[in-house]
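Work through the exercises below with the sequence and the coordinates open. Each task is followed by a solution in steps.

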Amino acid sequence: MSKTILLVTHEETTASDYGYVAEYLRELGHTVIHHDVLRATPAYDGFLEADTNFPSLDGIDSVIIFGSFTHAYDPTTREWVEKEMDFIRSIRERGTPYLGICFGAQLLAEVLGGRTIKADRMEVGMITFDATAACPTAPGPWFSWHNDIVELPDDVEVLARTDIAPQVFKAGNSLGVQFHPEVTTELMNEWIRVGGDELTGNYTAEEFKKEWETKGKYAQAHGRELIDWFLTVEPVVVS
């Protein structure tokens, strides 16, 4: 059955922050709607005005919210972050399936009563993790780039974690993943161009690219498997 899926991205520059996901969904016969919260240009500098006029959820079957260089707890962006969390609350209130990726997962964690805190070190590069039998994703390899940790309430099911942070968690028909299943070579190179300063002292661009060359095709295959699973998630009937 064809679905209409809303993709929400941040800081789009010369490469789309949803990677291959929109193209893959269209190949499967689905309709894609895209909303940019922060619409940057290739030469942007500093913080951007956020567009939190999200599309109506009428007719939307599923929502995927992607990553951001913004931190959920950053006071300089907190005003629009809270508006985006209100949007996630409305998604859950309607019973619409939700997939949060990295920043999208961190906002979901806070909506669920948790929080995001700064990690002692970055989790960057191609990672694998320990997963429960109920986890809908492969244990890796996955593309990771973050320096935050989600802390979750006891009633939220953690399905996978590394020694740094929870990687997959679930509440009803909402799923959060800390890694980036959407990444392409083009998107990785763009993130290195725009935010490569974050890697200083942790990882080099050359190390990143070399790992991606050997493991990226497996990560993308796992990402498509995750999307296939997410498309089977049913809406919750709200009385």
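**Exercise 1. Place a helix against the sheet.**
State which strands helix α2 lies across, and its angle to β3.

Solution. The model is a predicted one. Step one: take helix α2, residues 78-94, and list the strands that it crosses, which are β1 (4-9), β3 (62-65), β4 (98-101), β9 and β10. Step two: read the direction of α2 against β3, which is about 155 degrees.

**Exercise 2. Order the strands.**
Give the strand order of the open sheet, and find which strands stand at the edges.

Solution. Step one: the open sheet is formed by 8 strands in the order β2-β1-β3-β4-β10-β9-β8-β6, and its pairing is mixed. Step two: the edge positions belong to β2 (31-36) and β6 (130-131); each has a single partner strand, so one side of each is left without a neighbour in the sheet. Step three: look at one pair inside the order. Strand β9, residues 166-171, pairs with strand β10, residues 174-177, in the antiparallel sense over 4 bridges. V168 has V177 in β10 as its bridge partner.

**Exercise 3. Classify two helix contacts.**
Describe how α2 packs on α3, and how α4 packs on α5.

Solution. Two numbers are needed for each pair, because two packed helices are described by the angle between their axes and the distance between the axes.

Step one, α2 with α3: the axes come within 9 Å and cross at roughly 75 degrees. Angles of 65 to 115 degrees count as roughly perpendicular, and α2 is therefore roughly perpendicular to α3. On the α2 side the contact is made by R78, W80, V81, E84, M85, I88, R89 and R92, and on the α3 side by F103, L107, L108, E110 and V111. Sorted by class, the residues of this contact are 8 nonpolar, no polar and 5 charged.

Step two, α4 with α5: α4 (residues 185-195) and α5 (residues 205-230) pack at about 170 degrees, and their axes are 11 Å apart. Angles over 145 degrees count as roughly antiparallel, and α4 is therefore roughly antiparallel to α5. T185, M188, N189 and I192 of α4 meet A205, F208, K209 and W212 of α5. The contact of α4 with α5 has 5 nonpolar, 2 polar and 1 charged residues.

**Exercise 4. Describe the enclosed space.**
How many cavities of 30 Å³ or more does a search of the whole structure find, and what lines the largest cavity and the second largest cavity?

Solution. Step one: the search of the whole structure gives 3 cavities of 30 Å³ or more.

Step two: the largest cavity holds about 190 Å³ of space. It is lined by 17 residues, and S68, F69, C102, W145 and H180 are the closest to its centre. Two elements, α3 (103-111) and β7 (142-151), give two or more residues to this lining. β7 gives the most, with 4 residues. The classes in the lining of the largest cavity are 5 nonpolar, 8 polar and 4 charged.

Step three: the second largest cavity holds about 40 Å³. Its lining consists of V21, I64, L99, I101, P181, G223, L226 and I227. Here β4 and α5 are the elements that give two or more residues, and α5 has the largest share, 3 residues. By class, this lining has 7 nonpolar, 1 polar and no charged residues.

**Exercise 5. Describe an open pocket.**
Give the volume of the second largest pocket and the residues nearest its centre.

Solution. Step one: about 170 Å³ of space lies in the second largest pocket. Step two: 13 residues line this pocket, and those nearest its centre are I60, D61, S62, P97 and P235. Step three: the lining of this pocket divides into 6 nonpolar, 3 polar and 4 charged residues.

**Exercise 6. Check the backbone.**
Which peptide bond at P141 is cis, and what is the phi of C102?

Solution. Step one: recall the background. Most residues other than glycine have a negative phi, and most peptide bonds are trans.

Step two: the peptide bond from G140 to P141 is cis, with omega near 5 degrees. P141 is in the loop between β6 and β7.

Step three: C102 is not a glycine, yet its phi is positive, about 55 degrees. C102 sits in the loop between β4 and α3. C102 is also one of the residues closest to the centre of the largest cavity.

Notes:
Residues are numbered from 1 along each chain as its sequence is written. This is a predicted model: local features need pLDDT of at least 70, side-chain atom pairs count only at pLDDT 80 or more; totals for chains, interfaces and linings use all residues. Side-chain values use heavy atoms; hydrogens and water are left out. Axes are lines fitted to C-alpha atoms, for helices over the stretch in contact, and angles run from 0 to 180 degrees between N-to-C directions. Angles under 35 degrees count as roughly parallel, over 145 as roughly antiparallel, 65 to 115 as roughly perpendicular and the rest as oblique. Contact means heavy atoms within 4.5 Å. Ala, Val, Leu, Ile, Met, Phe, Trp, Tyr, Cys and Pro count as nonpolar, Asp, Glu, Lys and Arg as charged, and the others, Gly among them, as polar. On a 1 Å grid over the protein atoms alone, a cavity is a set of points where a 1.4 Å probe fits but cannot get out, and a pocket is an open set with protein on both sides within 12 Å along at least five of seven lines; lining residues have an atom within 4 Å of a point. Grid points are joined across faces, edges and corners, and a volume is the space filled by probe spheres set on the points. Two strands pair if DSSP finds at least two bridges between them.
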